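Please open the structure in your viewer and keep the selection tool at hand. The tour moves from one selection to the next and says what is there.

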Amino acid sequence: MELILENISKTFGKKQAVKNINLILKPGIHALLGANGSGKTTLMRMIVGILKGNGSIHLDEINVLSDYSTYASYLGYMPQHFGYYPDYTVQQFLEYMAVVKGLHSQYSQPRIQALIKEFHLEEQTQQKLKTLSGGMLRRVGIIQALLNEPKLLILDEPTVGLDPKERMVFMNYIVSLSETTIVLLSTHIVSDIESIADDILIMKEGEIILHDAYDELLKVIKRKVWEVRLPLKEAKELMNQKRVVKSHKEKNLFYLRVVSEEKPHQDAVMVNPCLDDLYLYYFEEEVYHEGIVSV
Amino acid sequence: MKALLVCEIRKLIFKKSVFGFIIVLSFLTGYFIWNDYHHAMTGMNYREQDAFLHQYSGEWSEEKYQQIKEDFIKEIQTEDQDDKMKILAWALGITHSLPEDLSIDNIDTSFQESKIDDFHNKVIKHQIVYQNEKELQNNIQFQTYIHKIENDLQNVPDIFDSPIPNNLYFQIIGKRTFPILLLSLFVIVIILSNTFGIERQNHMEQILFSTQLSKSKIVFIKWLAGSLIAVLIMMIQLIISLVIAYLIFPIHTWNLLAQITDYIIEITSYTYFDLLCIVFLLSIVSALAVSTLTLLFSYVCKNRFQTVLIMIFFLVICCADYILSISWPLSWPWNLFKPNVMLSSINYITTIISGGTILSMTHFIFGSFVVPYWLIVSVFWLMVLLIGIILTYLHAKRNAIYEF
């Protein structure tokens with residue numbers, strides 16, 4: 001199966017949230033990276049078919065607009081802000097979702113049980129959703145997206161609120177689907193995807209500015225990532241001058257990881273780049289505005 | 001479809017607060033009915049009268065008529081003429097005031113005057129027509145109505161029994177129409193006010209509308225669930241009223257011509273079963289009327305608070321003339337269709353004739369057609385319900401894709 005996006009764009013008032021995106025996605029894990037407001041969620045909602053825009057979206061020959069019922073039968077969607085009915089139990093909620101997805105109870109019941117077991121929610125099946133922790137709710141949200149064994153799985157920030165173990169379970173499961181399913185997931189947690197994503201799409205200001213495999217993307221910042229340990233005064237000076245993507249205190253010195261075209265300091269050592277470096281290289285302004293990097 | 005309907009119903013009512021509302025409402029209904037029975041029966045000898053009449057129960061026959069007549073004559077001959085004589089007179093169809101000089105010597109004349117001898121096999125039915133014919137013989141509408149009644153009377157049962165428990169039940173239901181119906185309608189409003197807002201409130205729209213189940217189908221199922229819940233709540237109240245009636249003053253039979261027991265037979269061709277059906281029907285229509293408006297506002301507002309405010313305002317307007325004695329423009333058609341007063345028009349056996357003309361809203365006469373109130377009101381509100389469903393269904397179909 002192929003997901004084909006042709007000339008996709010969306011405007012909210014005067015702001016163009018998505019700009020003329022053309023894309024073909026095949027089965028595998030496709031990670032969508034971008035700062036807040038870069039258009040990730042808008043693009044995902046358009047792919048899911050709950051937001052009108054310009055252009056056309058097809059899953060093979062199935063058009064999202066003209067044959068939505070068929071399109072939706074192949075679709076699993078986990079939105080960024082996962083909603084739920086607080087008075088439903090986990091079991092009731094998943095049964096309800098199975099019903100609205102048109103799944104027969106003979107199929108859905110064993111499927112629900114299998115997914116509950118997979119995501120370690122056996123003890124919470126009769127608990128009301130309003131009593132669950134954020135991580136548990138997130139797992140329920142992931143299960144509902146997987147109920148119909150989707151061929152197109154759209155996951156908007158799926159790992160937010162999950163602890164490391166839960167994230168690992170989730171990622172392992174997603175990897176197991178990647179042979180047969182087109183998985184498009186957006187995240188801020190780049191470490192989640194660097195080991196599992198077949199390709200990475202980087203969105204900025206409504207456009208996909210980069211789309212390639214992990215190793216290919218890192219070539220963009222090859223020989224541009226440095227590490228250095230400096231006293232506080234010098235560290236502060238360097239932070240004002242260069243893109244520091246990581247920093248922490250080590251005894252009396254400050255460890256800095258810098259993305260720079262040239263050697264940022266005489267003591268700096270070139271290191272292999274990672275996805276965090278790439279992300280921060282492209283979204284430096286947003287990162288600083290959000291205060292992620294600080295000493 | 002069925003599974004989805006169950007889920008939608010569960011979504012709306014499986015909450016402690018909703019169960020609490022329904023339990024409190026049911027308790028109040030039970031209390032009101034029980035209290036009214038208690039007050040109505042205090043100091044009255046309804047039970048004795050009922051037991052006395054009930055001994056003649058069974059299919060109406062010449063033998064039964066003769067037996068009642070003999071007992072009536074015996075009762076006249078006793079010095080202590082109590083209620084029994086009046087009850088027997090009523091049973092014999094002597095519905096107008098008994099002559100003061102009534103005695104064994106002139107009783108046959110009394111029977112002659114009431115013309116019951118010719119129709120003793122259907123004495124009560126005849127009397128219904130005869131009594132009113134005298135009062136309204138020049139009224140064209142009335143003649144049309146009488147003609148209908150005469151036709152209908154061919155189908156009413158030839159059963160005799162005490163109607164006292166039946167009448168007491170309908171009097172109490174009529175009296176308690178306002179608080180019980182209004183409370184039920186408020187509870188329906190509160191429960192259904194979030195029907196179409198619950199998805200937005202819980203951020204479920206994105207998940208729900210990205211499934212293969214179309215938005216229009218979800219809307220239709222929600223209408224169905226909301227309407228069923230409204231009907232269910234109203235049915236619970238009616239069933240409670242019936243249970244209490246049977247516990248306090250059991251009804252012998254419903255298959256009996258509706259008539260009142262204070263010795264004036266009014267114009268009617270309904271059995272008590274017919275009346276009970278009308279009570280259930282109008283209560284259900286009343287519940288559906290309010291649920292329809294609530295669901296419509298819920299669909300438009302997608303907000304529980306706003307919907308409740310609008311519907312409370314609507315119900316207050318409905319009650320304003322009752323509470324403040326305000327007369328609105330177009331109050332006649334308005335009063336006709338107000339959901340909170342529908343049951344007040346069930347009193348088919350006591351309000352039909354007033355001042356020599358048909359004032360009651362129980363029937364409407366159009367030329368040679370006599371259309372009962374319950375039919376007009378039911379059709380009207382069912383049309384509103386249907387239009388509501390169609391409009392929202394079409395709107396949902398046109399706006400299948402959301403703008404967030």
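Select chain B together with chain A, and look for salt bridges between them (a side-chain nitrogen of Lys or Arg within 4 Å of a carboxyl oxygen of Asp or Glu): the count is zero. Across this interface there are, however, ten residue pairs in polar contact, both residues being at pLDDT 80 or more; such a contact is a pair of N or O atoms within 3.5 Å, where within protein one must be able to donate a hydrogen and the other to accept it, and residues adjacent in sequence count only if both atoms are side-chain atoms.

Next, on the side of chain B that touches chain A, select α1 (2-13), α11 (198-201) and α12 (205-208), each of which supplies at least two residues, while α1(B) gives the most, with six. Helices here are DSSP runs (H or I, at least four residues), and strands are E runs of at least two, numbered from the N terminus.

This is a predicted model, in which local features need pLDDT of at least 70 and side-chain atom pairs count only at pLDDT 80 or more, while totals for chains, interfaces and linings use all residues. Residues are numbered from 1 along each chain as its sequence is written, chains are lettered from A and ligands numbered from 1 in the order written, and side-chain values use heavy atoms, without hydrogens and water.

Now move to A:Lys251, in the loop between β12 (243-250) and β13 (253-259) of chain A, which has a positive phi of about 55° although it is not a glycine. Most residues other than glycine have a negative phi.
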